[in-house]
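Biologist: I am new to this structure. Please show me the model, and let me ask how each label is earned.

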Amino acid sequence: MPTDEDRKSSPTVEILPTQRIYPWAIDLQDDEGGRRVPLGSRRLVLGSSRNADIVVHDQTVSARHCALSVLGGGVAIEDLGSKNGTFVGSARIREAWAAAGTTVTIGRTALTCMTLAADVDDGEELAAPLAGVAGASVCMRRVASQVRRLASHSAPVLVAGESGTGKELVARALHAEGPREEQPFVAVNVAALPRDLVESEMFGHERGSFTGAVARRAGAFSEAEGGTLFLDEIGELPLDAQPKLLRALDGYEVKRIGAAGSGRRANVRVVAATHVPLEERVTAGLFRRDLFHRLEVFVVEVPPLRARRGDIGAIARQILAQLSSELGARTLASAALARLIAHDWPGNVRELRNVLYRAADLTHADRTIEAHDVERAMHVREERPKVVLTRPIAQALLGQHDNNLSAAARAAGYPRTTFRKLLKE
């Protein structure tokens, strides 16, 4: 029994608060959609058998395909001799350890490992995916929940996200889920409008109001009356047209160019999209601050494809179905899907579609797209070596292209300004 003297000489032990350990789960997307499956402390077997701990609805998954165990700060993955393999990234594995955010491919099913951290409610009700928007990842189901909540409002919505993420699909969902669904949905790509016709395209004009106005035009606001006007690439709207859009959004009036008298109030819900932060355009003096604040009443952020890799399989199947009338039916081998999931997709869904189009074309003799087809489709554009450019070669190229500076620069593989500078030296 320790004495008082022993107690005095014993070192003081500081007991630190126990670090909170968050529970783990997988975001699973198989042929029946997406769901979140919690992982307990015991080893769980995944497979297509009804006797598996986690039943996967996918005919390309083996009866007992793989096993998952929470191990320290991650998830241990063990392949159980499956026919089509278990992939982490693009590598087929027998055993692996996955951190949070890692996506595992089995058959045509994707599993994304995740922790139910402090900002994630384990009992959170995840909304059903939006119609026409493939993928049932947690982040996209949160977007679906936000879209359904905002659909009944009349205030403008700004849809933000990288190029190719599907912002127009989200805008169409805002329209389809709300009370205006039976009314027109009019899409205008602001960046594609000729600068001198922006006002005419959006607000309309009277016949003879300017050179070339041979007939009266209603304009996008009138065409979308009662419905939704989608303004894509709103950051490209010229400064001189921005006050008129602000006036329309504030409910004052929409007036055709050359029309007499006052305008009319527009009954239109405006949804705008941008792939560049509008705050930067405001700072650069290219976008009005008051218009920016009018548009950002509600903001829907569409995550890039690399942040929702579990959706890639569902999106790929939808794209291949769309291409089937032209190229015939195609399916993805498990290794091919794993290769797609491992890619970062800087061009997002648009880039994914291009790769699948090329891969499907390469498999005309076989209806299954393999990993090597995907690899070839990703590297189809070999970088052409540049001509070693000297002034005599530049002059010769210019002559071969009838003194067309742009054509000669393209043939040499050099920027036009560099090519011109060399000619002057």
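Modeller: Start with one term: contact means heavy atoms within 4.5 Å. By that rule, and leaving aside neighbours within four places in sequence, leucine 422 is in contact with Leu389, Thr390, Arg391 and Ala394. This is a predicted model, where local features need pLDDT of at least 70, side-chain atom pairs count only at pLDDT 80 or more, and totals for chains, interfaces and linings use all residues. Residues are numbered from 1 along each chain as its sequence is written, and side-chain values use heavy atoms, with hydrogens and water left out.

Biologist: Why is leucine 422 called buried?

Modeller: Buried means under 20% relative accessible area, exposed over 50%, and partly exposed in between (1.4 Å probe, protein chains only). Leucine 422 has a relative accessible area of 16%, so leucine 422 is buried. Its place is in helix 15. The C-alpha atoms of leucine 422 and threonine 390 are separated by 7.4 Å, although their positions lie 32 residues apart along the chain.

Biologist: What makes a stretch a helix or a strand?

Modeller: Both are DSSP runs, numbered from the N terminus: helices are H or I with at least four residues, strands are E with at least two. The protein chain has 15 helices and 18 strands. Of its 425 residues, 43% count as buried. Residues 24 or more positions apart account for 63% of the contacts with a separation of 6 or more.

Biologist: Why are helix 14 and helix 15 called roughly perpendicular?

Modeller: Axes are lines fitted to C-alpha atoms, for helices over the stretch in contact, and angles run from 0 to 180 degrees between N-to-C directions. Under 35 degrees counts as roughly parallel, over 145 as roughly antiparallel, 65 to 115 as roughly perpendicular, and the rest as oblique. The axes of helix 14 (residues 405-412) and helix 15 (residues 416-424) cross at roughly 105 degrees and come within 9 Å. The two helices are therefore roughly perpendicular. On the helix 14 side, Leu405, Ser406, Ala408, Ala409 and Ala412 meet Arg416, Phe419, Arg420 and Leu423 of helix 15.

Biologist: Is asparagine 403 buried or exposed, and how do you know?

Modeller: Asparagine 403 has a relative accessible area of 59%, over the 50% cut-off, so asparagine 403 is exposed. It sits in the loop between helix 13 (391-400) and helix 14. Its phi is near 60 degrees, a positive value in a residue other than glycine.

Biologist: And glutamate 233, buried or exposed?

Modeller: Glutamate 233 is buried, with a relative accessible area of 15%. Its place is in the loop between strand 14 and helix 6. Glutamate 233 also has a positive phi, about 55 degrees, although it is not a glycine.

Biologist: What makes a group of residues a nonpolar core?

Modeller: A nonpolar core is a set of buried Ala, Val, Leu, Ile, Met, Phe, Trp, Tyr and Cys residues joined through side-chain atoms within 4.5 Å. The largest one here has 30 residues, and those with the most contacts inside it are Phe221, Leu229, Leu231, Ile234, Leu237 and Leu245. Elements that give two or more residues to this core include strand 13 (185-189), strand 14 (228-232) and helix 8 (289-295). Helix 6 gives the most, with four residues. A second, separate core of 26 residues includes Leu337, Leu340, Leu356 and Ala360.

Biologist: How do you know that leucine 291 is buried?

Modeller: Its relative accessible area is 0%, under the 20% limit, so leucine 291 is buried. Leucine 291 is in helix 8. Beyond its neighbours within four places in sequence, leucine 291 is in contact with Leu237, Gln242, Leu245, Leu246 and Leu249. The C-alpha atoms of leucine 291 and leucine 246 are separated by 5.6 Å, with their positions 45 residues apart along the chain.

Biologist: Why is the one aromatic pair called stacked?

Modeller: Rings of Phe, Tyr and Trp (its six-membered ring) pair if their centres lie within 6.5 Å; planes under 30 degrees apart count as stacked, over 60 as edge-to-face and the rest as tilted. The structure holds one such pair. The rings of phenylalanine 185 and phenylalanine 230 have centres 6.1 Å apart and planes at 25 degrees, so the pair is stacked. Phenylalanine 185 lies in strand 13 and phenylalanine 230 in strand 14, so the pair ties together parts 45 residues apart in sequence. Both phenylalanine 185 and phenylalanine 230 are buried.
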